[in-house]
Amino acid sequence: MTGEDRARRLLAYAGETLDELKTALARGSWNRCVRKAQEVVELTLKAALLGAGVDPAGRPGRHEHSVGRRRHPPHRAQIAGAAPA
């Protein structure tokens with residue numbers, strides 16, 4: 001199955017989920033509406049990425065964990081010039 005095939009399938013799922021959202025909206029089930037809306041957005045975004053040739057799942061083991069990692073601020077004793085206790 002190609003990325004384009006997967007994208008079409010995801011868009012079909014998104015359409016079905018949108019129908020479920022409309023049903024929940026008609027019933028006044030607001031929490032379900034929000035959940036289904038989030039699902040529609042997720043499926044549509046994944047389909048768009050696949051259509052652009054990007055695999056949204058990525059490759060396991062290929063993530064760069066050090067990028068964006070926050071460093072801890074120095075200990076107060078180090079700031080004051082004293083040795084940490």
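These are my notebook entries on a predicted model of a protein chain.

**Ground rules.** I number residues from 1 along each chain as its sequence is written, and side-chain values use heavy atoms, with hydrogens and water left out. As this is a predicted model, local features need pLDDT of at least 70 and side-chain atom pairs count only at pLDDT 80 or more, while totals for chains, interfaces and linings use all residues.

**Entry 1: the layout.** I looked up the helices and strands, which are DSSP runs numbered from the N terminus (helices: H or I, at least four residues; strands: E, at least two). I found three helices and zero strands, in the order α-α-α along the sequence. I then checked how much is buried (under 20% relative accessible area; exposed is over 50%, partly exposed in between; 1.4 Å probe, protein chains only). Buried residues come to 15% of the 85 in the chain. I also noted an accessible surface of about 7300 Å² (Shrake-Rupley method, 1.4 Å probe; for residues, only the protein chains shown count as cover). Carbon and sulfur atoms hold 54% of that surface.

**Entry 2: helix α1.** How far apart are the end C-alpha atoms of α1? They are 36 Å apart, which agrees with the 36 Å that its 25 residues should span (the expected span is 1.5 Å times one less than the number of residues). Its buried residues are Ala-7, Leu-10, Ala-14, Thr-17, Leu-21 and Ala-24, and α2 is included in what covers them. Just after α1 I met Gly-28, with a positive phi near 80 degrees.

**Entry 3: the core.** Next I looked for the largest nonpolar core (buried Ala, Val, Leu, Ile, Met, Phe, Trp, Tyr and Cys residues joined through side-chain atoms within 4.5 Å). It has six residues: Ala-7, Leu-10, Ala-14, Leu-43, Ala-47 and Leu-50. The elements giving two or more residues to this core are α1 (3–27) and α2 (30–51). I followed Leu-10: beyond its neighbours within four places in sequence, it is in contact (heavy atoms within 4.5 Å) with Leu-43, Lys-46, Ala-47 and Leu-50. I also checked Gly-15 in α1, whose C-alpha atom is 9.4 Å from that of Leu-43.

**Entry 4: a lysine to look at.** Is Lys-36 buried or exposed? Lys-36 is buried, at a relative accessible area of 6%, and it belongs to helix α2. Apart from neighbours within four places, it is in contact with Thr-17, Glu-20 and Leu-21. I then looked for its salt bridges (a side-chain nitrogen of Lys or Arg within 4 Å of a carboxyl oxygen of Asp or Glu). Lys-36 makes one with Glu-20, at 2.7 Å from N to O. That pair links distant parts of the chain, with Lys-36 in α2 and Glu-20 in α1, 16 residues apart. Lys-36 makes another with Glu-39, at 3.4 Å. Lys-36 and Glu-39 are about one helical turn apart, because they are three residues apart in α2. Together, Glu-20, Lys-36 and Glu-39 are linked in a salt-bridge network. Glu-20 is partly exposed at 35%, and so is Glu-39 at 26%.

**Entry 5: another bridge.** How many salt bridges does the structure hold? I count five. One of them pairs Arg-6 with Asp-55, the closest N and O atoms being 3.8 Å apart. It joins helix α1 to the loop between α2 and α3 (76–80), across 49 residues. Arg-6 is partly exposed at 33%, and Asp-55 is partly exposed at 40%.
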